[in-house]
Amino acid sequence: MMSSTNMRLVLLAILGVVLWFLPVPEGLTVQAWQMMTIFVVTVLSLILVPLPLGAMALMGLTAATLLDVLPIRTALTGFAHPTIWMIAAAFFISRGFISTGFGRRVGYWFISKLGNSSLGLAYGLVLTDLLFAPATPSTTARCGGIISPLFRSVASAYDSDPEKGTENKIGAFLVQCIFQCNAITCAMFLTSMAGNPLAANFAKEQGVEITWAGWAIAAIVPGIVCLVLIPLVMYLVFPPELKKTPEMRAIARQKLVEMGAMTRDEWMVCVTFIGMVTLWVLGPTLGIHATVTALLGLVFLLLTRTITWDAVLNEKEAWHTITWFAVLVMMAAQLNKLGFIGWFGDAIGESLSGFGWVTTLAILLLVYYYSHYLMASAMAHISAMYSAFLAIAIAAGAPPMLAAIVLGMFSNLYMSTTHYSSGPAPILFGAGFLSLQNWWKIGFVFSLIVIPVFFFIGGAWWKLLGMW
């Protein structure tokens, strides 16, 4: 009997053969159609995951060269793309936040100031996530290495334990505050989730250049509003049993005392963090590329021996990301160069032309968001839909920069839906504080808050910025 892995591989191969031999639509070249076929099969493989993402991406690259769709030099161009190395460097640097204990120290500091109530604790954890988001593209590392241990220590301090039936004391409330707000912090910066630079690169292929500062400024107002609202609404709608937590401030202060003064390595990480964010903001003015900033940060940590080269080599998630990211960047570039993205956008845009660009963009964003219930990877979702949806929005008359950035933000917002919607989802859901039914219910309820905030408050802010 065929294993499920082999069955998925066979299904992907059959789909590829069928698409390959279908008649080429009018307006497309044979090469463009063949490139689209390989891209579709590759993206579906990222969703079905018969093998690890990197392995499937390399299969797609190999197929493109073996089938004479692309020469090998072109197929490998993605590995030289600056965005890929910016993300890789940021992955390596984020390891310093965890290994030196700097992230945990900051979290305890926030708790020592805000931990007088369960709501204050939630804000303390959310602020910790927000602080590290700009320089931590691995949301899994940020949540799993910094935020989740802090949350677990708080739950343990109050004996909030699913195995004891005391999960509603405070743990269930905090875990969903963290989960819902993590999607917001990911949406607020170009470098706070690995898929954001991928989206920005897809936008660049269509002539839209998104800067670090441009993304952050556009996201700051709706993002902050959501970070304020989510814990407050959670407190009112899904309240914890424990409201006052005065002991937590003392516990956090004690933890800080036990940690002692900041170590040399923590100071090095702190300096690197401040320097990188400063250069990402001022980079366009100073003429410093965002990738150079990330590499500078990495080199500084290596020179000061805050992190070692062996630690860089052992950062498997970063090298894994480089592999599949490079292949997808290359394929997206070729689809655009061969005319497929423009053709597809024009074709769909014509069918929506009667709605006007505002309605069209709103429909696209809603479809983009709720279709994530069918996805287990934000990166696969971005790869499958971002370029096409952006092309449709631009064809409908939407301002290109507005459409590109808002679609980029929504590429993060949908990560708060299910227990498999993002890297942090299985980590936090696996803690066992909420049933599957409640997890999905809360995810849907908060989509009815977050989406209107970005539509209306965000829309007003973007109007003020002159984006439309």
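Guide: Accessible areas are computed by the Shrake-Rupley method with a 1.4 Å probe. The model before you is a predicted one.

Visitor: How much area does the protein chain expose, and what share of it do carbon and sulfur atoms supply?
Guide: The exposed area of the protein chain comes to about 18,900 Å². Of this area, the part supplied by carbon and sulfur atoms is 68%.

Visitor: How many helices and how many strands are there in the protein chain?
Guide: The strand count of the protein chain is zero. The number of helices in the protein chain is 22.

Visitor: With which radius of gyration does the value for the protein chain agree, and why is that value informative?
Guide: The protein chain has 468 residues, and a compact globule with that number would have a radius of gyration near 23 Å. The chain therefore agrees with the expectation for a compact globule, since its own radius of gyration is 23 Å.

Visitor: What percentage of the residues of the protein chain count as buried?
Guide: A residue counts as buried when its relative accessible area is under 20%. Among the 468 residues of the protein chain, the buried share is 54%.

Visitor: Is Ser 383 buried or exposed?
Guide: Ser 383 belongs to helix H19. Its relative accessible area is 3%. The cut-off for a buried residue is under 20%, so Ser 383 is buried.

Visitor: Which residues are in contact with Ser 383, leaving aside its neighbours within four places in sequence?
Guide: Contact requires heavy atoms within 4.5 Å. With those neighbours left aside, the residues in contact with Ser 383 are Phe 39, Val 43, Leu 198, Phe 202 and Leu 328.

Visitor: Which element gives the largest share of the lining of the largest pocket?
Guide: The largest pocket holds about 460 Å³ of space. Helices H2 (30-48), H8 (139-157), H16 (316-337) and H19 (378-395) each give two or more residues to its lining. The largest share, four residues, comes from H16.

Visitor: How many residues of the lining of the largest pocket are nonpolar?
Guide: The largest pocket is lined by 25 residues, and those nearest its centre are Thr 140, Ser 377, Met 379, Ser 422 and Gly 423. By class, one lining residue is charged and nine are polar, while the number of nonpolar residues is 15.

Visitor: Which residues lining the second largest pocket lie nearest its centre?
Guide: About 400 Å³ of space lies in the second largest pocket. Its lining has 13 nonpolar, seven polar and two charged residues. Of its 22 lining residues, those nearest the centre are Leu 190, Glu 209, Ile 210, His 289 and Ala 290.

How values were computed: Residues numbered from 1 in each chain as written. Predicted model: local features only at pLDDT ≥ 70, side-chain atom pairs only at ≥ 80, totals over all residues. Heavy atoms only, no water. 1 Å grid on protein atoms, 1.4 Å probe; cavity = no way out; pocket = protein on both sides within 12 Å on 5 of 7 lines; lining within 4 Å. Points joined across faces, edges and corners; volume = space filled by probe spheres on them. Nonpolar A, V, L, I, M, F, W, Y, C, P; charged D, E, K, R; others polar. Rg over C-alpha atoms; globule rule 2.2 N^0.38 Å. Buried < 20%, exposed > 50% of the residue type's maximum accessible area, 1.4 Å probe, protein only.
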